[in-house]
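Q: I'd like to learn how to read sheets and helix packing in a model like this one. Can you walk me through it?

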Amino acid sequence: MGILRFVATGKALPKKLVTNEDISKIVDTSDEWIATRTGIKKRYYCEEESCNSLAVEAAKEAVKRGIERDSEFSPQKIGIIIVATTSGDYAFPSTACMVGKALGLKGNVMAYDLSAACSGFMYALQNAKALLNEMQGKYALVIGSEEMSKILDFSDRSTCVLFGDGAAAALVKLEDKEGISCILSYSDGNDEDLICGGVGSKDSFLKMKGQSVFKFAVKVIKQSIDEVLCQAGLDMSDIDYVVCHQANARIIEFVKRNYEGEKDKFYQNVGEYANTSAASIGLALDDLFKSEKLKAGMKIVCVGFGAGLTWSAGIFEI
């Protein structure tokens with residue numbers, strides 16, 4: 001099996017920007033209360049947009065950049081489209097199929113949605129890596145897209161302040177070269193700490209036990225980082241950036257205490273977008289690539305964690 005490489009990334013955000021002050025007009029909260037407890041300053045909500053349209057926009061941006069950066073790439077070489085989401089426009093057809101339609105891809109393209117909540121982007125990357133091994137010369141489009149605002153209970157200030165809408169896409173391929181790409185994924189069945197009712201349910205709002213999720217997150221982030229480093233034969237000193245799922249700044253700050261001397265490697269942008277679930281790691285990667293902070297040869301660790309309970313960590317060489 002080859003090494004999974006990022007060819008290009010793209011993102012999409014709704015036009016509507018919602019600040020903490022805006023949220024305070026809806027529920028009993030304040031900018032100070034939200035920012036000090038979560039690090040979140042703003043988020044975006046869909047009005048004209050949807051989960052599907054955001055996924056399409058992010059995908060088109062990644063494809064456009066892929067054409068510019070990889071002379072061997074063309075859209076017709078995309079063999080897999082995976083959209084990690086829990087908030088697609090339809091129960092079926094999948095958001096991934098709608099992305100394929102928008103890109104004009106028909107026939108020999110595997111397209112499906114993946115539901116692993118906030119771990120979805122990492123799960124999708126692992127799926128793509130395995131499937132590309134069966135599709136010589138093909139590329140995969142991995143997308144995290146969420147319209148979280150439509151499943152929020154705006155009478156519950158403990159959860160509604162945390163989430164935002166957005167999408168991010170990564171165009172990836174396998175290269176038969178030396179390098180590192182290792183992904184480990186986990187699950188532990190739990191329908192108590194973080195849950196949202198499905199199609200036809202009486203209550204389809206997100207519900208979360210904050211303290212339980214916090215304890216779970218800080219435990220599994222360190223566990224999965226350490227295990228994937230061990231699998232790759234590396235330690236934290238070899239890593240240039242750590243990109244955690246951007247759920248809450250306090251979670252990331254707590255985890256950083258375990259890695260003295262390496263704290264500056266933990267990237268954060270939760271203040272800009274809030275928790276965008278399956279889109280958050282992709283949004284962080286896109287921001288890092290656009291800011292040119294990621295250079296060829298760098299090594300990054302990405303970590304997702306969320307409902308399921310699920311968690312996943314991967315190491316990639318840029």
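Q: In which sense do strands β13 and β14 pair, and over how many bridges?
A: The general idea: strands in a sheet pair through backbone hydrogen bonds, either parallel or antiparallel. In this predicted model, β13 (residues 299-306) and β14 (residues 308-317) go the antiparallel way, with eight bridges between the two strands. For a landmark, find Val303 and look across to Ala313 in β14.

Q: What packs on the sheet there, touching β11, β12 and β13?
A: That's α10, and its direction makes about 145° with that of β11 (241-244). Another helix, α5 (residues 120-132), lies across β8, β13 and β14 and runs at about 125° to β8.

Q: In what order do the strands β8, β11, β12, β13 and β14 form their open sheet?
A: Read across, you get β8-β14-β13-β11-β12, with mixed pairing. The edges are β8 (181-190) and β12 (266-267), each pairing on one side only.

Q: And what order do β1, β4, β5, β6 and β7 take in theirs?
A: This one is an open sheet of five strands, ordered β1-β7-β6-β4-β5, and its pairing is mixed. Its edge strands, β1 (3-12) and β5 (110-114), each have a partner on one side only. On average, neighbouring strands in this sheet are turned by 20° against each other, ignoring direction. Inside it, β6 (residues 139-146) and β7 (residues 166-175) pair in the antiparallel sense over eight bridges, and Ile143 has Ala169 in β7 as its bridge partner.

Q: Which strands of that sheet does α4 touch?
A: Helix α4 packs on β4 (78-84), β5 and β6, with its direction at about 135° to that of β4. Helix α10 (residues 280-290) turns up here as well, touching β1 and β7, and makes about 95° with the direction of β1.

Q: How do I describe helix against helix, say the crossing of α3 and α4?
A: Generally, you give the angle between the two axes and the distance between them. Here the axes of α3 (residues 51-69) and α4 (residues 95-102) come within 9 Å and cross at roughly 50°, which makes α3 oblique to α4. The crossing is right-handed. On the α3 side, Cys51, Asn52, Ala55, Val56, Ala59 and Lys60 meet Thr95, Met98, Val99 and Ala102 of α4. By class, that contact has seven nonpolar, two polar and one charged residues.

Q: How many helices and strands are there in the protein chain?
A: Ten helices and 14 strands. The C-alpha trace spans about 55 × 45 × 35 Å along its principal axes. A compact globule of 318 residues would have a radius of gyration near 20 Å, and the chain's 18 Å agrees with that.

Note on methods
Residues are numbered from 1 along each chain as its sequence is written. This is a predicted model: local features need pLDDT of at least 70, side-chain atom pairs count only at pLDDT 80 or more; totals for chains, interfaces and linings use all residues. Side-chain values use heavy atoms; hydrogens and water are left out. Axes are lines fitted to C-alpha atoms, for helices over the stretch in contact, and angles run from 0 to 180 degrees between N-to-C directions. Helices (H or I, at least four residues) and strands (E, at least two) are DSSP runs, numbered from the N terminus. Angles under 35 degrees count as roughly parallel, over 145 as roughly antiparallel, 65 to 115 as roughly perpendicular and the rest as oblique. A crossing is left-handed if the near helix is turned anticlockwise from the far one by less than a right angle, and right-handed if clockwise. Contact means heavy atoms within 4.5 Å. Ala, Val, Leu, Ile, Met, Phe, Trp, Tyr, Cys and Pro count as nonpolar, Asp, Glu, Lys and Arg as charged, and the others, Gly among them, as polar. Two strands pair if DSSP finds at least two bridges between them. The radius of gyration is taken over C-alpha atoms; the globule rule is 2.2 Å times the number of residues to the power 0.38.
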